[in-house]
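Open the model in your viewer, keep the sequence panel beside it, and follow the stops below in order. Each stop says what to select and what is to be found there.

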Amino acid sequence: MRKKTSESQPRSENQDYETQESFRQNFSFAEKILDVSGMFPSLSDDHDIRKITREKVENMLYAKHLVPENTNHEQIPHFGPQAINQWLWENKILREIPASLLREFLNRGMNNAPLVFFKKIELTRNLLILISKLHSMPLDQIQNEHLLESLSLQHGIQHLPKNEITSSLFRFLMEKSMQAGFLNEKFPIKKTSHESLPLHPRIIGFKMHMEEKGFARKHIRNTITHVQQLFMWLCTNVRVFATTSPDSISIIKIQNEHLLMYRTYKLKLIKNGQLSPITFTHSIYAIRSFYRFLKERYGYETPLKRFRSINAPRYSPRDIPTQEQINVFFQIVRQYAQDPILELLGYRFMLDLGLRLSEVANIKWKDVNMGTRTIVVHSKGKKTHVLPLAGELYQLLHEAHRNHNTQIYVMGGAPSTIKRELYEYFKLYALIAAWPFPGGVHLFRHIFITRLAYKEHLPQAIKEVSRVKMLNTVGLYLHLANQDKHLVNQINLLNFK
């Protein structure tokens with residue numbers, strides 16, 4: 001159905017979208033879910049999905065965030081992103097980089113953008129680890145002379161990634177080494193070639209087929225990689241393919257026994273800890289999809305027999321930050337972000353609505369209706385959902401609309417740049433906030449769904465609001481929430497004296 005614009009703030013561009021409400025089980029209900037009053041009284045049965053009002057949806061999504069936070073944001077000083085470098089110097093470099101020579105190199109980059117400066121710190125730290133292993137000594141005992149030796153420099157150049165930052169570090173070290181008399185001349189630093197290996201014509205056809213079907217670019221890239229890895233393994237490990245290359249292998253010669261050998265090889269990698277079970281399943285599904293494409297397009301008879309996947313958990317329990325830790329994170333963003341309102345808004349979209357990073361980056365102002373306080377979210381599979389806006393998220397969006405409503409995307413420039421900066425700056429803010437939680441910005445979506453599960457909402461409601469495809473995905477969160485509550489109840493039954 002078409003989303004109607006509000007009379008209080010008409011936005012004609014909103015009328016260009018065919019959208020579907022987040023709760024689609026009852027179509028008459030779906031038309032009014034986002035009305036303030038809802039179809040049913042607020043005291044209706046909470047366990048009937050047909051009787052969920054907008055008020056209840058907002059309570060699901062925002063809960064206590066519906067009440068404005070007491071924090072006086074004006075009292076939080078704004079230092080800007082350049083102050084991140086000073087924090088990194090005091091808290092990372094002085095504590096973790098003992099060699100004065102490396103500190104001199106890093107000091108020259110104090111005016112770099114924080115993301116570049118942080119990469120330099122990570123590079124020097126990795127170099128120290130390499131030299132520590134090479135000389136069998138603790139990191140804090142590495143001296144300048146250990147770094148300037150020819151063996152150390154060659155070892156570092158060989159094992160560290162080849163990029164402009166690495167080149168600048170080793171140019172600096174080789175100059176110092178020559179001044180100290182360790183080197184007579186500089187070694188060449190070969191850059192890594194970015195040219196990818198040529199693909200087999202059938203793989204190219206498979207790739208084009210997936211693009212026509214509208215699969216996500218990341219999914220296509222990963223699927224093609226799994227099939228390419230199979231071809232490379234066959235050319236290296238199976239005698240009949242030893243004289244061919246992966247881009248010219250004869251697919252018709254690939255027999256079931258070859259595929260089962262590859263499957264066994266992958267299982268050994270899992271046993272040795274070199275491959276995760278979930279990556280193994282992705283590999284099996286990618287190869288099966290490839291052969292299904294060959295049969296449909298070219299009539300190939302598939303050789304696949306007993307080429308099965310394995311049971312692999314698709315969800316790993318993770319610790320999540322407390323509300324106090326989340327508040328500290330957002331205070332850090334306010335202090336150090338280039339544009340605090342936009343960056344807070346980006347992370348709030350993920351935390352309060354469970355949006356994925358790509359969804360946040362692609363939100364346009366025409367997706368937002370400030371009058372009805374709703375937003376159109378474009379999800380996976382080219383599906384769209386209308387979700388309500390409230391609390392701190394709405395206040396941030398209102399302020400961003402006042403200052404940035406002339407740009408196409410809510411978050412600013414190109415979506416690719418938005419995604420990269422939100423992801424990489426998240427790591428810096430989490431570091432400053434002393435978050436011990438591994439992983440990236442997707443943690444916010446994980447927090448979002450976990451919170452819904454612990455509130456005991458209907459699984460169908462959680463599925464629609466979080467916009468996951470399968471109900472059993474929600475079941476994983478519900479199971480963990482119920483498991484935790486069961487353990488607490490059992491502990492409470494114990495009579496401690």
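Begin with the whole chain, coloured by accessibility if your viewer allows it: of its 497 residues, 46% count as buried. Keep in mind throughout that this is a predicted model. The chain exposes about 27300 Å², of which carbon and sulfur atoms supply 51%. Switching to a cartoon view brings out 20 helices and 4 strands, and of the contacts in the chain with a separation of 6 or more, 66% are between residues 24 or more positions apart.

**The nonpolar cores**

Select next L173, F329, Y347, F349, Y429, W435 and F444, which touch the most other members of the largest nonpolar core, a set of 87 residues. Centre the view on Y347 and show what surrounds this residue: leaving aside neighbours within four places in sequence, Y347 is in contact with F329, F330, V333, E421, L422, Y425, F426, Y429, V441 and F444. Apart from the largest core lies another one of 29 residues, and F241, F290, Y291 and F293 are among them.

**Helix α13 and its cover**

Now select residues 323–336, the helix α13. With its 14 residues at 1.5 Å a residue, α13 should span 20 Å, and because the C-alpha atoms at its ends are 20 Å apart, the model agrees with that expectation. Colour Q323, I326, F329, F330, I332, V333, R334, Q335 and Y336, which are the buried residues in α13. If you then add the elements that cover these buried residues, you should include α3 (82–96), α14 (340–353), α16 (391–404), α17 and α18.

**The aromatic cluster**

Staying in this region, show the side chains of F329, F330, Y347, Y425, F426, Y429, W435, F437 and F444, which form one aromatic cluster. While F330 is on screen, add R348, which lies over the face of F330 at 4.5 Å from the ring centre.

Counted over the chain, the aromatic pairs come to 26. For one of these pairs, select F206 and F290, whose ring centres are 5.5 Å apart and whose planes stand at 65 degrees, an edge-to-face arrangement. This pair links distant parts of the chain, since F206 belongs to helix α9 (residues 201–213) and F290 to helix α12, 84 residues away. Both F206 and F290 are buried. Another pair, taken from the cluster, is F426 with W435: their ring centres are 6.2 Å apart and their planes are at 75 degrees, so this pair too is edge-to-face. F426 and W435 are likewise buried.

Before moving on, select R202 and Y298, where the charged end of R202 sits over the ring of Y298, 4.0 Å from its centre.

**Helix α11**

Go next to residues 256–271, which make up helix α11; its 16 residues reach 23 Å from the first C-alpha to the last, close to the 22 Å expected at 1.5 Å a residue. Which residues of α11 are buried? They are N256, H258, L259, L260, Y262, R263, K266 and L269, and these buried residues pack against α10 (217–237) and α12. Step past the end of the helix to G273, which follows α11 and has a positive phi, near 80 degrees.

**Loops with exposed residues**

Three loop residues complete the tour. Select R306, in the loop between α12 (277–298) and α13; its phi is near 60 degrees, a positive value in a residue other than glycine. Is R306 buried or exposed? With a relative accessible area of 55%, R306 is exposed, because the cut-off for that term is over 50%.

Move then to A434, which lies in the loop between α17 (415–432) and α18 (443–454). The phi of A434 is also positive, near 60 degrees, and this residue is not a glycine. At 59% relative accessibility, A434 counts as exposed.

Finish with I408, found in the loop between α16 and α17. I408 is exposed, its relative accessible area being 59%, yet it has partners from elsewhere in the chain: not counting residues up to four places away in sequence, I408 touches K364 and W365. The C-alpha atoms of I408 and W365 are separated by 6.2 Å, although the two residues are 43 residues apart along the chain.

Key: Residues numbered from 1 in each chain as written. Predicted model: local features only at pLDDT ≥ 70, side-chain atom pairs only at ≥ 80, totals over all residues. Heavy atoms only, no water. Core = buried A, V, L, I, M, F, W, Y, C linked by side-chain atoms within 4.5 Å. Buried < 20%, exposed > 50% of the residue type's maximum accessible area, 1.4 Å probe, protein only. Contact = heavy atoms within 4.5 Å. Helix = DSSP H or I, 4+ residues; strand = E, 2+ residues; numbered from the N terminus. Areas by Shrake-Rupley, 256 points an atom, 1.4 Å probe, with all protein chains shown as cover. Expected span 1.5 Å × (residues − 1). Phe/Tyr/Trp six-rings, centres within 6.5 Å; stacked < 30°, edge-to-face > 60°. Lys NZ or Arg CZ within 6 Å of the ring centre and 35° of its normal.
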